[in-house]
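Here is a short walk through one chain, taken loop by loop and strand by strand. Have the structure open as you read.

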Amino acid sequence: MGTGTSDRDDRQEVAAAALVDSGRLLLAQRVSPPVLAGRWELPGGKIERGETPAEGLRRELREELGIETVVGARVGVEVPLPNEMVLRAYVVELKSGVPVALEHAAVRWVDAAELADVDLVPNDRAWLPALVELLARG
């Protein structure tokens with residue numbers, strides 16, 4: 001077992017929700033920045049200091065979509081971001097509520113076939129194989 005800082009990941013995490021319900025994945029449409037406005041993404045956001053990824057992602061989904069969730073295991077690859085940040089996706093289960101676009105232009109549910117044609121933000125495209133597999137499992 002190592003004990004030094006080399007074992008620690010001090011990067012700021014941005015967590016995204018791979019929320020699948022009845023064989024469909026929830027996507028949210030960005031309003032900003034202008035270069036990404038109108039494109040679709042997995043909802044989520046920055047994990048604050050002192051939060052676990054699960055706590056932060058639950059908070060973000062409550063704030064952005066008005067839903068209560070259960071956050072599960074990581075899915076897909078880790079996506080490095082600028083400024084010592086990292087983007088990670090997690091399998092999320094809807095516990096209560098109906099997703100509403102409180103901070104996005106819109107929300108929508110897509111199946112695996114529709115996902116292939118969606119204008120996803122570039123970072124989220126790295127998860128396409130894992131998301132298709134997740135959708136295939138239901």
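## The β5–β6 loop

Glutamate 84 sits in the loop that links β5 and β6, and its phi is positive, near 55°, although the residue is not a glycine. In this predicted model, glutamate 84 has a relative accessible area of 62%, so it counts as exposed.

Asparagine 83 is in the loop between β5 and β6 too. Its phi is also positive, near 60°, again in a residue other than glycine. With 70% relative accessibility, over the 50% cut-off, asparagine 83 is exposed as well.

## Strand β2 and its partners

Now for β2, which covers residues 24-29. Strand β1 (residues 12-21) runs antiparallel to β2, and two bridges join them. Valine 20 is placed opposite leucine 25 of β2. The two strands make a hairpin with two residues in between, and serine 22 in that turn has a positive phi of about 55°.

β2 also pairs with β7 (residues 106-110), antiparallel, through five bridges. Here leucine 27 has arginine 108 of β7 as its bridge partner. Then there's β3 (residues 40-41), joined to β2 by two bridges and antiparallel; alanine 28 is matched with glutamate 41 in that strand.

## A cis proline and a charge over a ring

Between β2 and β3 there's a loop that holds proline 33. The peptide bond joining serine 32 to proline 33 is cis, with omega about -10°.

What lies over the face of tryptophan 40? That would be arginine 108, at 5.1 Å from the ring centre. Arginine 108 is also the β7 bridge partner of leucine 27. As for aromatic pairs, the count is zero.

## Helix α1

Helix α1 takes in residues 53-65. Its 13 residues at 1.5 Å each should span 18 Å, and the end C-alpha atoms are 17 Å apart, so the two values agree. Right after the helix comes glycine 66, with a positive phi near 70°.

Which residues of α1 are buried? They are Gly56, Leu57, Arg59, Glu60, Leu61, Glu64 and Leu65. Their cover includes β1, β2, β4 (44-46), β5 (68-81), β6 (85-96) and β7.

## The annotated region

UniProt, in an unreviewed entry, places the feature "domain: Nudix hydrolase" at residues 10-133. Over that stretch the chain is 23% helix and 42% strand, and the C-alpha atoms at its ends are 30 Å apart.

Note on methods: Residues numbered from 1 in each chain as written. Predicted model: local features only at pLDDT ≥ 70, side-chain atom pairs only at ≥ 80, totals over all residues. Heavy atoms only, no water. UniProt positions renumbered as here; feature names shortened; annotations may be inferred. Helix = DSSP H or I, 4+ residues; strand = E, 2+ residues; numbered from the N terminus. Pairing = 2+ DSSP bridges. Phe/Tyr/Trp six-rings, centres within 6.5 Å; stacked < 30°, edge-to-face > 60°. Lys NZ or Arg CZ within 6 Å of the ring centre and 35° of its normal. Expected span 1.5 Å × (residues − 1). Buried < 20%, exposed > 50% of the residue type's maximum accessible area, 1.4 Å probe, protein only. Contact = heavy atoms within 4.5 Å.
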